[in-house]
Amino acid sequence: MWRRAGARLHLAGAATGAGRSVRRRPPPPIPSAPSSSASYSPPSRHSNGVFWGSVGAPCRRLSNQPSGGGGGGACWSCGATGAFLSCGACGSVQPVDPAVDYFQIFGLKREYNIQGNNLEGKYKDWQKKLHPDLVHSKSEKERGFAAEQSALVIDAYRTLSNPLSRALYLLKLEGIHVDEEKTINDPELLMEMMEMREAVSDASDSQTLEKIQSQIKGKLETWSASFQEAYDKKDFERAVEATQRMRYYERAVEETVKKL
């Protein structure tokens, strides 16, 4: 926990885990792609705002993948196969395909660690293709498709570029919904957050705030690594717990940003 001793600040160890009972719920209405099945079978109860649905649920096939992905559905305008967002043959913008998940939009594997995959560059490439200046002369129907696709690409980028939202999205694709407003019943963690806020409030210079922020980010990275390990092992109980801790530390970072 955060403690003040004169002008010095110290950060104690990470909070301990809390109870994690869960109950089944149908998968959320989020497009999914084939994934390996998990051996974990959650109990049919609910706790900590976590709902379990089907894991590794089947999905519809993609019409195509960006960056030279495989073929799929036909273009609504020219009939060419392999149309994805926009047709490679005639350039027509395609309607939103609900079978496409955010990772597939950017040609990424469905995994937590996406560093080195040039997500920002792929996002900008799609936005260029869907820019209003490039579709202003097209039909009202196609301009509508472009607006919908552009909004989808923006939402996909924002979701995948943030570690916490990316983790939550991966869980949703597995049929697991986490209540983001559920409070963790962990006195040690809650006390740590309270003392951290006091430390931020009392900080009188940017150097102190930056030091606090660095310590909080270290905690966030620790739980981020914990999520990746749990997710890779299909240990979804631990993965959910990690996202709950990540949320608290992300909000703590936001507190320091506001003060700075």
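1. R247 is buried (under 20% relative accessible area, 1.4 Å probe, protein chains only) but forms no salt bridge, that is, no side-chain nitrogen of Lys or Arg within 4 Å of a carboxyl oxygen of Asp or Glu. The nearest side chain of opposite charge is E180, at 4.5 Å; Arg counts as positive and Glu as negative.

2. This is a predicted model, in which local features need pLDDT of at least 70, side-chain atom pairs count only at pLDDT 80 or more, and totals for chains, interfaces and linings use all residues. Residues are numbered from 1 along each chain as its sequence is written, and side-chain values use heavy atoms, with hydrogens and water left out.

3. R247 sits in helix 8, residues 236-259; helices are DSSP runs (H or I, at least four residues) numbered from the N terminus. A polar atom of the R247 side chain lies 3.2 Å from the backbone oxygen of E180. Beyond neighbours within four places in sequence, R247 is in contact (heavy atoms within 4.5 Å) with L164, L168, V178, D179 and E180.

4. In helix 2 (residues 119-129), L119, G121, Y123, W126 and Q127 are the buried residues. They pack against helix 1 (102-105) and helix 4 (140-161).

5. The chain has eight helices and five strands, strands being DSSP runs of E with at least two residues. Their order along the sequence is β-β-β-β-α-α-α-α-α-β-α-α-α.

6. Of the 260 residues in the chain, 43% are buried. Among contacts with a separation of 6 or more, 68% join residues 24 or more positions apart. The accessible surface (Shrake-Rupley method, 1.4 Å probe) is about 13400 Å², and carbon and sulfur atoms hold 48% of that surface.

Key: Buried means under 20% relative accessible area, exposed over 50%, partly exposed in between (1.4 Å probe, protein chains only). A polar contact is a pair of N or O atoms within 3.5 Å; within protein, one must be able to donate a hydrogen and the other to accept it, and residues adjacent in sequence count only if both atoms are side-chain atoms.
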